[in-house]
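Let's take a friendly walk through this model, starting with a single helix and working outwards to the place where the chains meet.

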Amino acid sequence: MDFVLSKLSGFGSAFTALVVDPLTYVYLVTSVFLGITFGALPGLTATLAVTILTGFFGNKIPLDYSMIALLGAYVGAIYGGSYPSILLNIPGTAASAATAMDGHPLAKAGRGGEALGLTTTASFIGTLIGTVALLIFVWVLLLISKNIASPEKALLALFGILLSGTLMSEDLVIKGWIAGLIGLAMAMVGMDPLLSEPRYTFGWSYMLSGFQFVPVLMGAFAVPQIIEGMRHVQVGKMVALQGRILPNLSAVRRHMPTITRSGVIGTGVGALPGVGEDVAGWVSYGVGKTVSKDGKNFGKGSLEGLLSSETANNACIGGALIPLLVLGIPGSPPAAALMGAFKINNVIPGPTIDPAIILRVVAIMVLASFTMWILGLLTARVFIKILRIPQTVFLPVVMVLTAIGSFSVGGGINDLYLMLGVGFVAYFMNLMKYPIAPLVIGVILGGLFDETFRRALFLSDGSLGVFVSRPGAAVLLALNVALIAAQIPMIRRPFQRRDRKEA
Amino acid sequence: MPAAHRDPVAGDTSVTTNDQLLQSEAADREAKLILRARDFWGALVLLALSVFFLWGTSYIPLWGENRAGVRGGDWYNSAALVPLGIFVAMLVLSLVLLRISVREGGAERALSAVGIGWNRAEALRFSTLAVILFFYIAGLVPRVDFILCSGLLITALIYGYHGGQAARMLLAAATVGVAGLYAMALNLPRAQWAQHDDDWLALAFWIALTAWGLWRERGSRLARIIPVIAVLAPTLLVCAMAFGFRQNVPNRGGLIFKQIEYHYYVTLKPIWSGK
């Protein structure tokens, strides 16, 4: 009980400290506004919003303000994706793809205002559900993670990369794994963490310190987006917004079971390492379709369908922060960008993180969700105007933002070369349907995997038994093996045959 | 950004005729074949890279060799251990990918342009963009004033790609390409990055492209907006970064930024600091 009270009082102090600081509001309103704008513009994503702001705010302002800016943009961008989904039938972000299924038919039926109002409120409640889960589970996991040693850390990092590769692949699962391996290989460049042996530097001194996170993030997420988006696209016909945006309280109350269910699903999916808001939205939509009484109307303009995906993708944010803060494994691609921001501020997320930082993150999330709600309800018409800007006009400005953000992080002009190189590679990977998120997660977790894997072997004098003799490590090893085995045709076939028989 | 994905769980709610369904299935099959043909090449590239880096890994001591009289670590904490695992895994996965692509008909189509889904218009769009981005990052940003080169980039990208016309894309690529090539050819070493001849050339190209755009697109609102965005966006960004966040910015000694910085510290700052 004392533990709970101490954490609640810690959260209260962190919240009060933020609320009484006027600068908090400047960063909050600006970042949430920018986030919604990024989310609303088709062609810009939540990951891009957080990545670009990492380049801009990452290590240039105190960490507290930097976190406000990045979390505010994250929350805003995931919500902002709902605008084009509802009004244009084009998802602003991958996370809001499921939103378009019901949002656009609702707008066409003259219920656009109602859909936007409820979406805003559901996103707000979803973010709060994720944040409450973050506040509760982060401590539970932190207590457990104190017993985590090198073997578990190495296997957990591998699990994060494998899971992300498995779930984020649009085409073949091995493409996700290959992307993860490319990320891991990139993390091997530079001095190795135990013996300071230079690896793959090709005599270039810049490479000795390894690939920097921010240029890699910018290259992986921004450059392909810019190349892909610089094409002539006729802006779709926007449905005129009808009806009032402010939601009816009784309607919100009526849909509370759907919102709560979706919030819990979104948080759970977010907590899986490397799985993002888009998966959360679709999973929640699929579950909603199965369990809801209104399931047969999903896809035809069902409010329940709309709220299922929109609540889940925002709830995913809090969930994605749990593995990030407790284990140092990002729960989603934007969380990977956040991890980059932590690292360039010399904060290492994981079991040794300062608990005060976690409490501040929770307090910021609460404030950011309120700001998003208020901005969403009061300034929706501003964002609708922003939707009309063609991507060929704003993407060149994004390119300039990316260049200056990447340059100023520290590595200078070499970081720009790295960004461009990674960008071209990521573009071709996109073209061949390789997911990019596992690559970035591989780059981020590669150092951790290398160090902890070798440390575990070092402590056991080279015995591989260290990965099965500890219960935690044995469970994680089993999970890794199961994840790989599940993709081997020889092992899958009997299960598929059994499923077919049952069907 | 594609239109909303169809939810496979929800099913298609629109009335679809059998013909449409068959056409869509054929298109999906064709797209998959194209993807497998590309996977064939992708797998070969990955195979080559895996072998190259395995060879590179062989230079990192694995069995605890002596180095300058000091015995290195054992095999299990060698710096080569994890990279070896990574590249072996990549080699195996690329072989699996190669097998899948061959089995699903990718290899048969891999040698024909149609087979890999070659699209001339798309290839032109990508290659002109690649030229622009390469010369902007590698040629202009290090050597030319950031406001000038970014203004040129914004003008070239919006003018070149907004309407989707091939001639404009080529003009945009040529403008940035020539300016970048000039900067790289004449001021390649770092010692010459402060020279201003390439700044003047970039400025001339920027003005010329803006004037050309305004003349060709008389009466167009976008043509009038391009110069405003091209001037304001990089100027505000570079000033915010340099004076707001006090960070390093590319090419501080550039033609325009040098003047801004001088007047910020010598003319403006004393006014509000009361000196």
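## One helix, then the whole

Helix H9 (residues 213-229) of chain A has 17 residues, which at 1.5 Å a residue should span 24 Å; its end C-alpha atoms are 24 Å apart, so the two values agree. Please keep in mind that this is a predicted model. H9(A) also has a bend of about 30° at A:Gly219. As for its surroundings, 16 of the 17 residues of H9(A) are buried, so to speak a mostly covered helix.

Now for the chain around that helix. Chain A contains 22 helices and two strands. Its radius of gyration is 22 Å, close to the 23 Å that the globule rule gives for 503 residues, so chain A is as compact as a globular protein of that length. Measured out along the principal axes, the C-alpha trace of chain A spans about 70 × 60 × 55 Å. Of the 503 residues in chain A, 62% are buried. Among the contacts in chain A between residues at least 6 apart in sequence, 79% join residues at least 24 apart.Chain B has its own layout. The domain assignment splits chain B into domain 1 (18-109) and domain 2 (120-273). The C-alpha centres of these two domains of chain B lie 39 Å apart.

Helix H1 (residues 18-57) of chain B has 40 residues, and from its first C-alpha to its last it reaches 56 Å, close to the 58 Å expected at 1.5 Å a residue. The buried residues of H1(B) include B:Leu35, B:Phe40, B:Leu46 and B:Phe53, and charged ones such as B:Arg36, B:Arg38 and B:Asp39 are also among them. What do the buried residues of H1(B) pack against? Their partners are H8 of chain A, together with helix H2 (81-103) and helix H3 (106-109) of chain B.

That brings us to the contact between the chains. Chain A gives 62 residues to the contact and chain B gives 63 residues. On the side of chain A that touches chain B, the elements that give two or more residues are helices H6 (97-145), H8 (173-187), H12 (277-291), H17 (391-408), H18 (413-431) and H19 (437-459) of chain A. H17(A) gives the most to this side, with eleven residues. The table shows how the side of chain A that touches chain B divides by class.

| Class | Residues on the side of chain A that touches chain B |
|---|---|
| Nonpolar | 42 residues |
| Polar | nine residues |
| Charged | eleven residues |

Notes. Residues numbered from 1 in each chain as written. Chains lettered and ligands numbered in written order. Predicted model: local features only at pLDDT ≥ 70, side-chain atom pairs only at ≥ 80, totals over all residues. Helix = DSSP H or I, 4+ residues; strand = E, 2+ residues; numbered from the N terminus. Rg over C-alpha atoms; globule rule 2.2 N^0.38 Å. Buried ≥ 20, exposed ≤ 12 C-beta atoms within 10 Å, placed from the backbone. Contact = placed C-beta atoms within 7 Å. Domains from an automatic or database assignment. Expected span 1.5 Å × (residues − 1). Bend = angle between axes of the 7 residues up to and from the residue.
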